[in-house]
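User: Please take a close look at one part of this protein, the sheet and the core it belongs with. A single connected account will do.

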Amino acid sequence: MASPILRPVVVTDLLRPSGHARMVEGEVPLDLRAGESQVRATARVQATLLPSGEGVVSEIIVKVPASLACSRCLTEWDEGVEVSARRLFTRVPDEDGYAIGPDDRLDLAPWVRDEVSVSLPDDPLCRPGCLGLCSVCGADLNTAPCEGHSEQSSSPFAVLKDLFDSTS
């Protein structure tokens, strides 16, 4: 069964010294892109809200599927992404603009989006030793060696081939 959408949470009780930790679960729809990584899915979020003398500490665990494309050979695959993060929220906005609202509501969704976004790899690799694509014919060098190519005289850069020839 799907969890409900993660809504802003009233944290008035956590702003008091006698406040007790609270668990919050929900989903956050995401549409993010970072380089060759993309998330167009609903993230599952588990958050623990803890009272602090300064505000409310939130610890989150986010799980979401991501679509990745190798930055060298363009192979595509899906992979689950898991993000863990911790942040102190106060009534005064921090350097990222996060704060407890004037109505004592804490909206975790923007923070979840940001944490997932920065955790996505900009240039994912299908494997550490990926050989990429042939720059001439586009063949995937991981599956078979390139057969080689005849003289590339039709290339606009062919005249530069001998530019640094030491015999001239």
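Analyst: The sheet comes before the core below.

This is a predicted model, in which local features need pLDDT of at least 70, side-chain atom pairs count only at pLDDT 80 or more, and totals for chains, interfaces and linings use all residues. Residues are numbered from 1 along each chain as its sequence is written, and side-chain values use heavy atoms, with hydrogens and water left out.

The protein chain has one helix and six strands (DSSP runs numbered from the N terminus: H or I of at least four residues for helices, E of at least two for strands). Four strands make an open antiparallel sheet in the order β2-β3-β4-β5; strands pair if DSSP finds at least two bridges between them. Because β2 and β5 are the edge strands with a single partner each, one side of each has no neighbour in the sheet. Within the sheet, β3 and β4 pair over ten bridges in the antiparallel sense, and Gln-46 stands opposite Ile-61 in β4.

The largest nonpolar core has 34 residues. Such a core is a set of buried Ala, Val, Leu, Ile, Met, Phe, Trp, Tyr and Cys residues joined through side-chain atoms within 4.5 Å, where buried means under 20% relative accessible area with a 1.4 Å probe, protein chains only. The elements giving two or more residues to this core are β2 (22-34), β3 (37-51), β4 (56-69), β5 (76-89) and α1 (109-119). Val-39, Leu-49 and Val-116 have the most contacts inside the core. Beyond its neighbours within four places in sequence, Leu-49 is in contact (heavy atoms within 4.5 Å) with residues including Val-9, Val-24, Val-57 and Leu-106.

Conventions: Buried < 20%, exposed > 50% of the residue type's maximum accessible area, 1.4 Å probe, protein only.
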